[in-house]
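Me: I am new to this structure and should be grateful for a close look at a single part of it. Please take the place where the two chains touch, and then follow the chain that you find there into its own helices.

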Amino acid sequence: MSATRPEAVLATGLRKSFGTEVVLDGIDLAVPAGSVFALLGPNGAGKTTTVHILTTLLAADGGTVRIAGHDLATDPDAARRAIGVTGQFSAVDNLLTGEENLRLMADLLHLDRADGRRRTAALLEQFDLVDAAAKAPSAYSGGMRRKLDLAMTLMGDPAVIFLDEPTTGLDPRTRRMMWDVVRDLAAGGVTIFLTTQYLDEADELADRIAVLDRGRIVAEGTSAELKRMIPGGHIEVRFTGRAAFDTAARTFSRARRDDDTLTLQIPADGGVRSLRAVLDGLDAAHVEADELTVHRPDLDDVFLSLTGRPRPAAEAQQKELVR
Amino acid sequence: MTALAPALPLRDSRTMLRRNVRRMLRYPSLTVLLVGMPVVFLLLFVYVFGGTLGSGLPGSAAGLTGRAAYANYVVPGILLMTVAGAVQGTAISIAMDMTEGIVARFRTMSISRTAVLTGHVIGSLLQVFVGLAVVTAVALAVGFRPTAGVLGWLGAIGILALAGLAMIWLAVALGLKAKSVETASNTPMFLILLPFLSSGFVPTDSMPTVLRWFAEYQPFTPVIETLRTFLTGTAPAGATGWLALGWCVVIAGAGFAWSRRLYERASIRHHG
């Protein structure tokens with residue numbers, strides 16, 4: 001290993017417009033080889049467009065990109081040989097079986113027959129798809145399709161893998177499995193570039209996170225660095241009666257009170273200990289809460305603090321309701 | 001283990017062809033439907049209209065009359081209609097590919113840029129010839145009596161292959177251009193109608209002036225006439241043959257160029 005790690009993804013001044021709509025307004029990205037990088041942003045921020053440009057699907061209007069050292073403008077095929085892509089929309093052939101899909105990849109990668117067969121068997125095994133190998137993906141669940149999709153991406157042992165919202169729409173179990181796969185790949189030295197709208201996903205997986213908003217990078221750093229920019233989490237308690245509300249407000253003097261909705265926002269780190277402290281406090285004051293919500297810092301908070309306005313589509317709320 | 005070989009056009013096209021043939025076998029209802037249509041038209045024209053239409057024909061080489069004469073007359077037009085019908089399938093499968101994510105995946109891989117399209121084209125050509133074989137068999141069963149020798153049959157296969165390639169490349173472009181699979185199944189429909197407005201079903205002399213002018217100058221007429229000469233004629237195709245060849249080459253070339261351009265540009269649907 002040399003002292004200076006080459007950048008697996010290096011983009012400077014990327015611009016892209018569709019008609020009059022500016023989607024990317026000059027973004028710079030640098031992802032060191034062997035690291036996991038997350039591009040975090042809401043729907044419509046330009047994440048998918050970025051991935052499309054970096055994976056040669058779309059030409060940028062301006063800027064330069066080097067993937068694994070290859071300039072996309074002059075040698076796109078060399079870059080294509082270094083990458084694997086799993087997009088947001090499944091890229092499997094629905095009329096071929098799972099196994100045939102993998103063999104198709106092996107053939108297109110010009111692996112010899114024995115090699116292709118061996119890799120196919122290994123990937124089916126790795127992704128727990130052996131039983132489904134002879135079935136068409138149309139009979140698969142969403143999670144299985146995503147797994148097959150990722151297995152196809154891995155057929156060529158790519159050095160750089162792009163994952164566009166790899167866990168959107170997946171059940172929690174498959175989501176965990178995806179995370180494990182990403183960690184295994186990263187441990188094996190593969191560079192991962194992923195996009196996500198979930199802060200916790202970026203937090204779990206990425207070495208560095210860049211926040212994309214309206215076509216610009218508004219913040220970049222490690223997970224810890226980003227979180228320092230974000231106000232902490234809180235526990236929100238709602239009351240039915242004014243008297244209980246007032247009593248509780250006196251008990252939790254640090255809480256932010258909203259007199260219209262009779263709710264208190266009590267600063268807390270979201271852990272069990274802080275939750276117990278709040279419940280004990282309520283008990284001690286002999287007040288009954290109507291509803292209690294644990295609120296951890298999420299993308300909405302990142303957005304509010306970085307851009308000074310709420311996230312455009314706040315559909316990714318991560319609240320656990322305790323009634 | 002990563003394959004470092006450069007894109008191999010032949011190998012990639014073969015892989016894509018294998019994929020397309022497999023897809024056709026998995027989804028045979030489309031093929032059956034597309035081959036069934038010309039068979040129905042053949043039976044309809046021979047048995048329902050054939051008796052009357054045959055009596056109106058100027059006279060046939062084999063001395064046939066009535067329905068038998070008409071069966072001989074209509075088969076070249078029906079064969080071209082078989083080709084036109086089969087390429088609807090090309091447009092549909094191209095559009096299906098483009099709406100699914102798989103082509104986006106191919107485009108991020110180092111594979112020959114034309115292999116995806118070439119695989120479709122060769123697959124469709126195979127499908128066209130399967131259709132032609134079925135329709136020819138039915139035609140022979142209902143009284144088609146070709147007089148062609150070996151050279152005549154080779155010529156017929158040649159002109160059908162060329163017309164097939166021309167219509168397939170055109171359908172590829174229409175399939176790429178279509179925004180949805182439904183559109184793709186509708187836009188090449190005019191290809192099925194065109195044989196009716198040619199010399200395929202009745203001689204052009206019997207048509208009113210405007211229609212007759214259109215029928216004589218549209219590409220299906222020289223192709224059908226050339227095919228008729230190869231199958232049941234006596235004289236060589238001559239100038240009409242060259243005209244048919246010219247049309248096929250021009251349409252195939254234009255379809256190919258258009259398709260390539262659309263494929264290079266067409267990428268992902270923009271999902272916002």
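Reply: What follows describes the contact between the chains and then the packing of one helix in chain B.

The model is a predicted one. Its contact between chains takes 38 residues from chain A and 36 residues from chain B. The size of an interface is often given as the accessible area lost when the parts come together. Here the area buried between chain A and chain B is about 3400 Å², and carbon and sulfur atoms give 59% of it. On the side of chain A, Arg81(A), Leu95(A) and His110(A) supply 22% of the area that this chain buries against chain B, more than any other three residues.

Side chains of opposite charge can pair when their charged atoms come close. Between chain A and chain B there are six salt bridges, while the count over all chains is 27. One salt bridge between the two chains brings together the side chains of Arg23(B) and Asp93(A), at 2.6 Å from N to O. Another salt bridge is formed by Arg26(B) with Glu100(A), whose closest N and O atoms are 2.8 Å apart. Arg26(B) belongs to helix 1 (residues 9-26) of chain B and Glu100(A) to helix 3 of chain A, so this pair joins two chains.

Polar contacts also link the chains: 13 residue pairs, with both residues at pLDDT 80 or more, are counted between chain A and chain B. Several elements of chain A each supply at least two residues to the side that touches chain B, including helix 1 (47-54), helix 2 (76-82), strand 6 (83-86) and helix 4 (113-126). Helix 3 of chain A gives the most to that side, with six residues. By class, the residues on this side of chain A divide into 16 nonpolar, 12 polar and 10 charged.

Within chain B, helix 3 (residues 66-99) packs against helix 6 (residues 150-177) at an angle of about 30 degrees, and their axes are 8 Å apart. The crossing of these two helices is right-handed. Among the residues that meet there are Val87(B), Ala91(B) and Met98(B) from helix 3 of chain B, and Ala163(B), Gly164(B) and Met167(B) from helix 6 of chain B. This contact has 16 nonpolar residues, three polar ones and no charged ones.

Helix 3 of chain B also meets helix 5 (residues 115-141) of chain B, where the axes come within 9 Å and cross at roughly 145 degrees. That crossing, too, is right-handed. The residues in contact include Val75(B), Ile78(B) and Asp97(B) of helix 3 of chain B, and Leu117(B), His120(B) and Val128(B) of helix 5 of chain B. The contact of helix 3 with helix 5 in chain B has 11 nonpolar, seven polar and one charged residues.

Key:
Residues numbered from 1 in each chain as written. Chains lettered and ligands numbered in written order. Predicted model: local features only at pLDDT ≥ 70, side-chain atom pairs only at ≥ 80, totals over all residues. Heavy atoms only, no water. Axes fitted to C-alpha atoms, helices over the stretch in contact; angles between N-to-C directions. Helix = DSSP H or I, 4+ residues; strand = E, 2+ residues; numbered from the N terminus. Left-handed = near helix turned anticlockwise from the far one by under 90°. Contact = heavy atoms within 4.5 Å. Nonpolar A, V, L, I, M, F, W, Y, C, P; charged D, E, K, R; others polar. Buried area = accessible area lost by both parts, 1.4 Å probe. Salt bridge = Lys/Arg side-chain N within 4 Å of Asp/Glu carboxyl O. Polar contact = N/O pair within 3.5 Å; in protein donor to acceptor, adjacent residues only side chain to side chain.
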